[in-house]
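Me: I'm new to this and keep tripping over the vocabulary. Can we go through some of it together?

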Amino acid sequence: VRLWLGNSQAITQNLWAEDGLFPLCIHKSNFFPCMSDPFAGYFLFLPRLLAWPVSVLPWEQWALAANLIAAVVAGVVAALIVVILRGAGLSWYVAVVVALLPVITPMSGLEAINAIGSSYMPLLFASTLTLLFAPERGRGWTVLVGALLLVTSLTIPSSLVLLAVLAVQASRRILHRSTAAVWSGALVVGLIMQAVVAFTAT
């Protein structure tokens, strides 16, 4: 709905540069070499991963596919945030409004929600809220959040700031040290990959 209200034609006609570049790389070369090819000096894991289903479609369908995939990412992140905030005791109204902020906030712009390449924005948003509002919910939750943090750090190097959030939560004893260690490890693994790409990219 947000995309339609912003520009109804954008859904089928607007394809951002990297959302075309990554599928084109896979189309011309192969999936795995394109996963490691640097872009602007850093490693965009999730956009590269999601470029694969776009690449298998006819070229004229790439814009529509990219927009739909980006919308699904925004929707999944919003659903996760609702679950997190409801579990923290916030009302349905507050949880839904906060979950929709990345979509309805004007300064995030249209490109923030119809570009797979911009998926790092909702990822950072979800990761931050998770660390603040859902520190402890069992072993399964620890693994799930660790996976979220790993994907976030593999996608954008500015996820480095999440280590500071973890440190504050652990120092205030809101987060167990073992959980903080697991989540910090997930972030560090992703950030090491970012560093490798940054220092070896041409």
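Reply: Sure, starting with one term: a polar contact is a pair of N or O atoms within 3.5 Å; within protein, one must be able to donate a hydrogen and the other to accept it, and residues adjacent in sequence count only if both atoms are side-chain atoms. Also, this is a predicted model, where local features need pLDDT of at least 70, side-chain atom pairs count only at pLDDT 80 or more, and totals for chains, interfaces and linings use all residues. Residues are numbered from 1 along each chain as its sequence is written, and side-chain values use heavy atoms, leaving out hydrogens and water.

Me: What makes a polar atom of the Gln 169 side chain a partner for the backbone oxygen of Leu 131?

Reply: The two lie 2.8 Å apart, and the cut-off is within 3.5 Å, so the distance fits.

Me: Why is Gln 169 called buried?

Reply: Buried means under 20% relative accessible area, exposed over 50%, partly exposed in between (1.4 Å probe, protein chains only). Gln 169 has 3% relative accessibility, so it counts as buried.

Me: And why is Phe 133 called partly exposed?

Reply: Phe 133 has 33% relative accessibility, so it lands in the in-between class.

Me: Why are H9 and H11 called roughly parallel?

Reply: Angles under 35 degrees count as roughly parallel, over 145 as roughly antiparallel, 65 to 115 as roughly perpendicular and the rest as oblique. H9 (residues 139–155) and H11 (residues 177–200) pack at about 20°, with axes 8 Å apart, so they're roughly parallel.

Terms used
Axes fitted to C-alpha atoms, helices over the stretch in contact; angles between N-to-C directions. Helix = DSSP H or I, 4+ residues; strand = E, 2+ residues; numbered from the N terminus.
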